[in-house]
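Colleague: Could you take a close look at one part of this model for me, the metal site, and then walk me outwards to the other places where something binds or where space is left?

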Amino acid sequence: MERIKKIKKSHIIAAILIFSAILAGILFSRRPEHERITYNQFIQAVEEGRIEKVYLDNSEQILGEYKSGETFITDNPRTENFKEFLLVQGIIVDEVKEKIQGEQIFSTIVTLSIFGVLIFAVNRNVSKQKQGKAGKSIFNAILPENVNVNFSNIAGNEEAKESIQELVDFIKNPEKYAKYGARLPRGVILYGSPGTGKTLMAKAVAGESGVPFIAVSGSDFVQVYVGVGASRIRELFKKARSYGKCVIFIDEIDALGKKRDGGVDGGGNDERDQTLNALLSEMSGFQDNEGIVVIAATNRLDTLDEALLRPGRFDRHIEIQLPDIKSRLKILELHSRNKPLDKGVNLEKVAQQTVYFSGAKLENLLNEAAILAAKRSSGSIQAQDIDKAFYTVIAGAEKKDRSTISEQDRRVTAYHEAGHALITKLTAPENRVSRITIIPSTKGAGGFSMNIPPDRMYHKKKDMENSIRIALAGRASEELVFGEANVTTGAANDLEKATDTLLNMIRRFGMNSRSGLLNYDVLYNNGFRQVQDDIIEECRTHMDELYQEVKELLQKNRRVLGAIAESLLTHETLEEKDLDLIIQAFAKAG
Ligand code: ADP
Ligand code: ZN
């Protein structure tokens, strides 16, 4: 019933939309098609002085004109000082209200379209499946000469840039790889917090390779009518093939590739499955030397349907991290290049103050500051403008936003990660700590990574115990420094890992004194049911022992631990050599 109602309603809406579209079409038929650009592209064009005129009204989209005479459409920020901002930049602002006065038919059409848009908006709320920028059906490719973005426009994110570099080479010379029979990456997933530059990165791949860039959003494919999504996917790839080589970017891939764990959706969603299958079959239909690459973006990798992640599909996963202090400085420098910064502005200080800011937020900060400076006609952007803008940006942030993480949480994270790192160095120096950071990733609060040669992954008892010690060290450090009542949930994954390892040691590998060489599973299967309690008892005792050891070790090295944590609080990210330096300094001091 629900579904029928929905469809009927959509019919009416569709009819209204088509009707107004036809009318509008007749009226506008002599107008050229407008280029659709993002707000960021718009701002860039403003900064480069390429904009002549903007038609301003209160709708979602605004129409504008380049100096070259071409027209474009972009999102309307609808902020109070937008008009002023434009005027200060020397752009003609034409308030549409005045323009249409007296033009009867025109205003009728406008009313009609607003009416249509309104109903459409209401409907969008009703059918929750549509999220974000639904309703855009045209796939507009940005041609190579207009892409205008390459790796030099991305500051920081060096690791991600490096791993994506390969893709550029592949798009440029697919034959080279085909000659060696190499199976090429077809799909890449970029994952990470919003505003970290995933779209930018995808665009840069197109820019570096000199091929067209087609950007769509997963929600563009989620429609009320079954089958529309799938046919749009086919349309998209047809368009891509017409260019030969190209980069397809699918933002918010989760809209069509979320895990199907039943329940939540009331037992799956036909429409989405069809769309997803269409996408997968288009991707497996690529010839290996075609030079089409699909790059998708998501905020969280773990919510995606596994079908998407299998080999031959989106099998490359690249994390795009929030910038640490060094990267923030680079991003700030990059985005202030075309802005008149006062000499009194210390970008290093700004980088220090903008913990957990994404690239987009940093860009926004400078932009707000520029608007404030323009408002004052002060000639340059001063430190006070940035300070003011800082509070605007922070206030506009969502509650759960990372940039509002408290100082106390940062300290806990720093000591937690320092604990892992120090215990690694003390108990298993042959393992390499490649990086520690307190910048949150999609996987959790901090980050700690260790390189262990996979061929000898904890096969020795000693190594397995060390891996447990290392895992426990985060919690142990929290407890030692902040007290037992203040330990956090941050150790959840560590405890899971430690328990898993220990359980295997006891159950399967005969690596504990009490059960000896008996295999618990065999005992259990032969009817010795009490072994369950034995295992838990055994695990607990052994885990407690290891935990006490770790705590003592940390206690003994309390000052080094503090030094690592403090250094993390200042620099946010430490490489192995930084860590070694701190430890050595204390070793010398005795
Ligand atoms: P995402 O797709 O991850 O949400 P975007 O690529 O849309 O993020 O980023 C929005 C804007 O933020 C970019 O257009 C750029 O101006 C700025 N930005 C984000 N990350 C960076 C970065 N690493 N270097 C330079 N600018 C960045
Ligand atoms: Zn941990």
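Modeller: Happy to; I will begin at the metal and then move on to the other ligand, the empty spaces and a few single residues. Please keep in mind throughout that this is a predicted model.

The zinc ion (ligand 2) has three protein donors: NE2 of His-416, NE2 of His-420 and an OD atom of Asp-494, lying 2.0 to 2.1 Å from the ion. Along the sequence the donor residues follow the spacing H-x3-H-x73-D. His-416 sits in helix 18 (residues 407–427) and Asp-494 in helix 20 (residues 492–507), so this pair ties together parts that are 78 residues apart in sequence. What about the two histidines? An α-helix has 3.6 residues a turn, so residues three or four places apart point the same way. As for exposure, His-416 is buried, with a relative accessible area of 5%, and Asp-494 is buried too, at 11%. Both values fall under the 20% cut-off for buried.

From the metal we can turn to ligand 1. There are 17 residues around ligand 1, and those that come nearest are Ala-155, Gly-195, Lys-198, Thr-199 and His-335. His-335 also has a polar partner there: an N or O atom of the His-335 side chain is 2.8 Å from a nitrogen atom of ligand 1. Backbone atoms take part as well. A polar backbone atom of Gly-197 lies 3.1 Å from an oxygen atom of ligand 1, and a polar backbone atom of Ala-360 is 3.3 Å from an oxygen atom of the ligand.

Next come the empty spaces. The second largest pocket has a volume of about 300 Å³. Its lining is made of 18 residues, and Gln-89, Pro-340, Ala-370, Ala-374 and Ile-381 lie nearest the pocket centre. By character, the lining divides into nine nonpolar, seven polar and two charged residues. Helix 2, helix 3 (82–88) and helix 16 (359–376) each supply at least two of the lining residues, and helix 16 gives the most, with five. Helix 2 deserves a word of its own: within residues 39–47, Gln-41, Phe-42, Ile-43, Ala-45 and Val-46 are buried. Just after helix 2, Gly-49 takes a positive phi of about 70°.

If you care about enclosed space, a search of the whole structure finds two cavities of 30 Å³ or more. The second largest cavity has a volume of about 30 Å³. Its lining consists of Ser-163, Ile-164, Glu-166, Leu-167, Val-188, Arg-316 and Ile-318. Helix 7 (158–172) and strand 11 (314–319) each supply at least two of these residues, with the largest share, four residues, coming from helix 7. Four of the lining residues are nonpolar, one is polar and two are charged.

Finally, two glutamates make a nice contrast. Glu-282, in helix 12 (residues 270–284), is buried, with a relative accessible area of 14%. The side chain of Glu-282 is joined to that of Arg-241 by a polar contact of 3.3 Å. Glu-348, placed in helix 15 (residues 347–353), counts as exposed at 52% relative accessibility. Between Glu-348 and Ile-325 there are 8.5 Å in space, C-alpha to C-alpha, and the two are 23 residues apart in sequence.

Notes:
Residues are numbered from 1 along each chain as its sequence is written. Chains are lettered from A and ligands numbered from 1 in the order in which they are written. This is a predicted model: local features need pLDDT of at least 70, side-chain atom pairs count only at pLDDT 80 or more; totals for chains, interfaces and linings use all residues. Side-chain values use heavy atoms; hydrogens and water are left out. On a 1 Å grid over the protein atoms alone, a cavity is a set of points where a 1.4 Å probe fits but cannot get out, and a pocket is an open set with protein on both sides within 12 Å along at least five of seven lines; lining residues have an atom within 4 Å of a point. Grid points are joined across faces, edges and corners, and a volume is the space filled by probe spheres set on the points. Ala, Val, Leu, Ile, Met, Phe, Trp, Tyr, Cys and Pro count as nonpolar, Asp, Glu, Lys and Arg as charged, and the others, Gly among them, as polar. Donors are N, O and S atoms within 2.8 Å of the metal (3.2 Å for Na, K and Ca); water is not among the atoms, so sites may look incomplete. Buried means under 20% relative accessible area, exposed over 50%, partly exposed in between (1.4 Å probe, protein chains only). A residue is near a molecule or strand if one of its heavy atoms lies within 4 Å of it. A polar contact is a pair of N or O atoms within 3.5 Å; within protein, one must be able to donate a hydrogen and the other to accept it, and residues adjacent in sequence count only if both atoms are side-chain atoms.
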